[in-house]
Amino acid sequence: MDYAILVNMLDTNPASPGHVLAVLRAEGPLTRQELQERVGVSRVTMVERLDALRRTDLVRQAGHRESSGGRRAELLAVNDTGRTALVADIGQSHATLAVVDLRGTVFARQDLRLSTRHSPDETLPRLVGEARSLLSDSGRAESLCAVGLSVPGQIDHETGVTTAPPTMREWGSVRLRDPFADAFGVPVLLENDANALALADYYAMGRPEATVVGVKVGTGIGAGVVIAGRPHRGETGSAGEIGHMRIEGSDRRCSCGRRGCVAAEASGQALVRSLRTSGARSVEDVVRWVSDGRREAVEAVSAAGRLVGTVLATVVTIVNPRYVRLGGAVGVLPPFVEALRATVEANAHASALRKLDIAASQLGDRGAFVGLSGLVADEMLSPATVDALCRRRQGL
Ligand SMILES: [Zn+2]
């Protein structure tokens, strides 16, 4: 794990149970002796801390290590499989729900089609109802510790209120957290969908000590930046809105009300519009046509890759990431990836290209779950949360 993340996690009493768990999470499995040396406390203190962590079911045995003299030492690891999260990715025309553990293992999932221009009044009660049955069918309701939701809009993380993308007008100023918190009585974490995608690839790569930019091109266009293990959200949660950067010379009206945005020319929605005369009705049609090698679709998707590549070259020059990962139904199409890569290589600062690795995300439609379960794990296994849990368990 990245050292910077470890330091973030250790921003607490350096000998608290939460601190001990953070070290075990970053470096485990470890023997008690090794853990004691890493944390730098006495044997007695370590025994106490491990007792507290065992009472809250946060550590588990992970086999044994042979030591010199033929003694076998018990290995300890974080129990990231015993707690359950309910995660949901809410999109413009669909939602997916899953029951996962804090390692991202999916125990149950459900895909829901939503009507175009669906409203929170119809969708949120439906999602809560479906989530309740999915959780109960999975048999893991007892260990539910948090809910994680991703949406394609900006989020005020203090209030849990959304600012919707222009194509989901009714989702502006929605109290997204409340219905789930009321229904399940656990913390509810919210994340922008492009941030969740960037986090997913970051987690799936084993939390590298590197900056990751995730670009999602589906119905709309968004990007997320993960720096030192955390999403860079910006002052108003709008960091990464590359879909609404302007393109020189374009005058096409965008769903945001302005003209000349990248999304007006290169989003899935824009591709459907430009291929309508050929009979395209949905983003699924565009994806299928590209797989079938239909020339007009391949050319349109390549042109979209060049446009997104133009703005991404600026992002790459400013942020200087190691990894760019592309997701979304359009973002992973080979002609899109190739055109985008060539454009970034032609336009970004040479030095920013030296270590740059651009590729389609390999996570497919599991991306949102991986991102959200990792986000829940980081929150629920953070030193502050763990210390609070241990204090409650002790009745202090
Ligand atoms: Zn726009």
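## An open sheet, leucine 149 and a zinc site

In this predicted model, an open sheet is built from 5 strands, which follow one another in the order 6-5-4-7-10 with mixed pairing. Strand 6 (106-113) and strand 10 (188-192) stand at the edges, and each has a single partner strand, so that one side of each is left without a neighbour in the sheet. Direction ignored, neighbouring strands of this sheet are turned by 15° against each other on average. In general, the strands of a sheet pair through backbone hydrogen bonds, in either a parallel or an antiparallel way.

Strand 10 is joined to strand 7 in the parallel sense, over 5 bridges, and within this pairing leucine 149 stands opposite leucine 190 in strand 10. Two helices are also in touch with these strands. Helix 14 (residues 367-380) packs on the sheet, where it touches strand 4, strand 5 (94-101), strand 6, strand 7 and strand 10, and its direction makes about 130° with that of strand 7. Helix 7 (residues 193-204) lies across strand 4 (84-90), strand 7 and strand 10, and runs at about 95° to strand 10.

| Helix | Residues | Angle and reference strand |
|---|---|---|
| Helix 7 | 193-204 | about 95° to strand 10 |
| Helix 14 | 367-380 | about 130° with strand 7 |

Is leucine 149, which belongs to strand 7 (residues 144-151), buried or exposed? Its relative accessibility is 1%, and because buried means under 20%, leucine 149 counts as buried. When its neighbours within four places in sequence are left aside, leucine 149 is in contact with Ala88, Leu176, Phe180, Val188, Leu189, Leu190, Glu191 and Leu372. Leucine 97, for its part, is 52 residues away from leucine 149 in sequence, while the two are 9.1 Å apart in space, C-alpha to C-alpha.

A zinc ion is also present in the model, and its protein donors are His244 (ND1), Cys254 (SG), Cys256 (SG) and Cys261 (SG), which lie 2.0 to 2.4 Å from the ion. The site has 4 donor atoms with angles of 105 to 118° among them, and it is tetrahedral. Along the sequence, the donor residues are spaced H-x9-C-x1-C-x4-C. Of these donor residues, cysteine 254 and cysteine 261 are buried.

The domain assignment of the protein chain divides it into domain 1 (3-80), domain 2 (84-196 + 369-379) and domain 3 (197-367). Taken over C-alpha atoms, the centres of domain 1 and domain 3 are separated by 41 Å.

Terms used
Residues are numbered from 1 along each chain as its sequence is written. This is a predicted model: local features need pLDDT of at least 70, side-chain atom pairs count only at pLDDT 80 or more; totals for chains, interfaces and linings use all residues. Side-chain values use heavy atoms; hydrogens and water are left out. Buried means under 20% relative accessible area, exposed over 50%, partly exposed in between (1.4 Å probe, protein chains only). Contact means heavy atoms within 4.5 Å. Donors are N, O and S atoms within 2.8 Å of the metal (3.2 Å for Na, K and Ca); water is not among the atoms, so sites may look incomplete. Four donors count as tetrahedral if all angles lie between 85 and 135 degrees; four count as square planar and six as octahedral if opposite donors are over 155 degrees apart and all others between 65 and 115; anything else is irregular. Two strands pair if DSSP finds at least two bridges between them. Helices (H or I, at least four residues) and strands (E, at least two) are DSSP runs, numbered from the N terminus. Axes are lines fitted to C-alpha atoms, for helices over the stretch in contact, and angles run from 0 to 180 degrees between N-to-C directions. Domain bounds come from an automatic or database domain assignment.
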